[in-house]
Amino acid sequence: MNSLALKGLGRDPHAGEIFCFRGRQGDLVKLLWHDGVGMSLYAKRLEAGKFIWPVSQSGQAVQVSAAQLGYRLEGIDWRNPPWTQRPEKVG
């Protein structure tokens with residue numbers, strides 16, 4: 001895991017960043033995180049649907065905000081999230 005972060009992505013694996021990878025079929029995501037004590041691996045598979053993922057034109061890693069990561073882990077399309085507060089009256 002350390003060599004993947006250092007050599008493959010050019011990042012420091014001990015800096016507190018979360019590294020997130022999507023599986024080929026799009027229904028599996030894996031997260032790597034160093035918590036100061038050791039490296040942790042988390043995995044989540046969707047029962048239905050696929051994780052929406054950003055496209056990198058240059059092939060480089062893409063940084064996302066905490067909110068975008070939260071949307072991704074819930075399987076919500078972060079490009080067009082649903083409106084949760086519907087207006088009760090018009091005009």
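**Close-ups of a predicted model**

**View 1. Strand E1 helps to wall the largest pocket.** E1 hands over five residues to the lining of the largest pocket, the largest share of that lining. This is a predicted model, so read every view here as a look at a computed structure. In total, 21 residues line the largest pocket. Ile 18, Cys 20, Ala 61, Val 62 and Gln 63 are the ones that lie nearest its centre. The space inside comes to about 640 Å³. Which elements give two or more residues to the lining? They are E1 and H2.

**View 2. The whole protein chain, end to end.** Step back for a moment and follow the protein chain from its N terminus: the elements run α-β-β-β-α. That makes two helices and three strands. There are 91 residues in the protein chain, and 16% of them count as buried. Its accessible surface comes to about 7200 Å², with 52% of that belonging to carbon and sulfur atoms. Look at contacts with a separation of 6 or more, and 29% of them turn out to link residues 24 or more positions apart.

**View 3. Three strands make an open sheet.** The order across the sheet is E1-E2-E3, and the pairing is antiparallel. Strand E1 (18–22) and strand E3 (39–45) each have a single partner strand, so they stand at the edges with one side left without a neighbour in the sheet. On average, neighbouring strands of this sheet are turned by 15 degrees against each other, direction ignored.

**View 4. E1 meets E2, with helix H2 packed on the sheet.** Zoom in on E1 and strand E2 (residues 28–34), and you'll find five bridges joining the two, which run antiparallel. Ile 18 shows up again here: its bridge partner in E2 is Trp 33. Helix H2 (residues 66–74) packs on the sheet and touches E1, E2 and E3. The direction of H2 makes about 140 degrees with that of E2.

**View 5. The hairpin of E2 and E3.** How many bridges join E2 to E3? There are seven, and these two strands also run antiparallel. One pair to pick out is His 34 with its bridge partner in E3, Met 39. Between the strands of this hairpin sit four residues. Keep an eye on Gly 36 in the hairpin, which takes a positive phi near 100 degrees.

Notes. Residues numbered from 1 in each chain as written. Predicted model: local features only at pLDDT ≥ 70, side-chain atom pairs only at ≥ 80, totals over all residues. Heavy atoms only, no water. Buried < 20%, exposed > 50% of the residue type's maximum accessible area, 1.4 Å probe, protein only. Contact = heavy atoms within 4.5 Å. Areas by Shrake-Rupley, 256 points an atom, 1.4 Å probe, with all protein chains shown as cover. Pairing = 2+ DSSP bridges. Axes fitted to C-alpha atoms, helices over the stretch in contact; angles between N-to-C directions. 1 Å grid on protein atoms, 1.4 Å probe; cavity = no way out; pocket = protein on both sides within 12 Å on 5 of 7 lines; lining within 4 Å. Points joined across faces, edges and corners; volume = space filled by probe spheres on them.
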